[in-house]
Amino acid sequence: MNSESLSAPPTAQRLVALDAFRGAIMLLMASSGFGVPQVAKVFPDSEVWKFLGHHFDHAEWAGCTLWDLIQPAFMFMVGVALPWSIANRRARGQSFNLMFGHALWRSLALVLLAVFLTSAWSQRTEWIFPNVLAQIGLGYPVLFVIAFAQSRTQWISAFGILFLYWLAFALHPFAPQGFDWTIVGVATDWPHLTGFAAHWDKNFNFAAMVDQWFLNLFPREMPFVFNAGGYQTLNFVPSIATMVFGAIAGGILRDEDEITGKLRKLVTFGIAGMALGFLIGALGLCPIVKRIWTPSWAIYSSGLVALLLAGFVALIEWQGWKRWAFPLVVAGVNPITLYCLWQLTGSAIRESIRTHLGPDIFASFGSIYSPTIERTATLLAFWLILLWMYRRKIFLRI
């Protein structure tokens, strides 16, 4: 999503499966969950709606849902696309220094764009960095350097980053006895992690402590004390491992093996990642928490994303079923555009639809399902804009 190869127009050399997978993730994100969690609340006794409501929303803390996989999928795909980007630049005769300078520029642009989008509805600049663009931008230069290493070094780098990050949390003290959790925005009835896992509890952990220092270096209306969702700036550090895992997967897909061999490696990668991440969490060594990107989460989610990518590769590159993926590709080759549309224009598009089609248009199938109709209509409007751009070969790049 956030490299030139992720936002360039499709060419014969592009991996269509990657464009389609990226498009599927982007459209899922821009759907705002299709209003499923809101509808699910109307049917509290339905197991089906409970399941759907759970998976179209973030896990409260520990655990994993479908919705939680959106951000790691973004980051994993940045890594997957990087080997293609580097190969294309090398083919044009660019030196490492020139490429690295461009990587630094891209990193800065992503961070500043993230701050702009986060501040869009505020009275002043919001200097916070949990936005996925900022997280990718902060880690991208490190990813870029690691991408030039051999596969073994990439594996060692990814797990080394995760181990050091795990150690920083493990050495951070627990909350003192009788600590007033409301000071850091945690409700009195919050289901705290226990035992060794408490090192990764909400808003009292190593990364939260760093943010209480780092974010107050920026001009603020009020001193920063906590993030209501528990997200932290330092999430970008273990996210580097997520992107490196993606780069390794990209290397697998670029090698000279038969497609079946590539799929076998990718599926093995995915299953092993899921198993290892789950085991680390089950043993109590580190809980699986997306909101603070715990090392077990980075491993577990990368495994899941690798399996999803393998599915797209199997259908599109191996079986050759490409026509069905066209709507996804339209979104997948213009991800920055869709992200900005979603962040900046969603409410305006909804109001415009009401203006032209009637104030009750979204309640056409009953008020219960109006959140789903509203979000589906908005998503369709986004996609039609992207289709217009695709037909005219307009692609927003960073």
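## Burial and overall form

A residue counts as buried when its relative accessible area is under 20%. By that criterion, 51% of the 398 residues of the protein chain are buried. The model is a predicted one.

The protein chain contains 16 helices and zero strands. Its radius of gyration is 21 Å, close to the 21 Å that the globule rule gives for 398 residues, so the chain is as compact as a globular protein of that length. Measured out along the principal axes, the C-alpha trace spans about 60 × 60 × 45 Å.

## Contacts, surface and charge

Contacts in the protein chain between residues at least 6 apart in sequence are joined, in 75% of cases, by residues at least 24 apart. The accessible surface comes to about 18,400 Å², and carbon and sulfur atoms account for 65% of that area.

The protein chain has 27 positive and 21 negative charges. The mean positions of these two sets are 12 Å apart.

## Gln71 and Trp293

Gln71 belongs to helix α5, which covers residues 70-91. With a relative accessible area of 13%, Gln71 falls under the 20% cut-off and is therefore buried. The side chain of Gln71 makes a polar contact with the side chain of Lys290 at 3.3 Å. Apart from neighbours within four places in sequence, Gln71 is in contact with Pro130, Val132, Gln135, Lys290 and Trp293. Lys290 thus appears both in the polar contact and in the list of contacts.

Trp293, one of the residues in contact with Gln71, lies in the loop between α11 (259-282) and α12 (295-318). Trp293 is buried, with a relative accessible area of 1%. The phi of Trp293 is positive, about 50 degrees, although the residue is not a glycine. Most residues other than glycine have a negative phi.

## The segment after α16

Helix α16 covers residues 370-391, and Lys393 is placed in the segment after it. Lys393 has a phi near 60 degrees, a positive value in a residue other than glycine. The relative accessibility of Lys393 is 68%, over the 50% cut-off, so Lys393 counts as exposed. Trp293, which also has a positive phi, is by contrast buried.

Arg397 lies in the segment after α16 as well. Its relative accessible area of 45% makes Arg397 partly exposed. Arg397 and Leu143 are 254 residues apart along the chain, and their C-alpha atoms are separated by 19 Å.

## Ser370 and Phe326

Ser370 is part of helix α16. At 19% relative accessibility, Ser370 is under the 20% cut-off and so counts as buried. Not counting residues up to four places away in sequence, Ser370 touches Phe362 and Ala363.

Phe326 lies in helix α13, residues 326-332. The relative accessible area of Phe326 is 29%, and the residue is partly exposed. With residues up to four places away in sequence left out, Phe326 touches Leu387, Tyr390 and Arg391. Phe326 and Ala298 are 28 residues apart in sequence, and their C-alpha atoms are 30 Å apart in space.

Conventions: Residues are numbered from 1 along each chain as its sequence is written. This is a predicted model: local features need pLDDT of at least 70, side-chain atom pairs count only at pLDDT 80 or more; totals for chains, interfaces and linings use all residues. Side-chain values use heavy atoms; hydrogens and water are left out. Helices (H or I, at least four residues) and strands (E, at least two) are DSSP runs, numbered from the N terminus. The radius of gyration is taken over C-alpha atoms; the globule rule is 2.2 Å times the number of residues to the power 0.38. Buried means under 20% relative accessible area, exposed over 50%, partly exposed in between (1.4 Å probe, protein chains only). Contact means heavy atoms within 4.5 Å. Accessible areas come from the Shrake-Rupley method with a 1.4 Å probe; for residues, only the protein chains shown count as cover. Lys and Arg count as positive and Asp and Glu as negative; His and the chain ends are not counted. The place of a charge is taken as NZ of Lys, CZ of Arg, CG of Asp or CD of Glu. A polar contact is a pair of N or O atoms within 3.5 Å; within protein, one must be able to donate a hydrogen and the other to accept it, and residues adjacent in sequence count only if both atoms are side-chain atoms.
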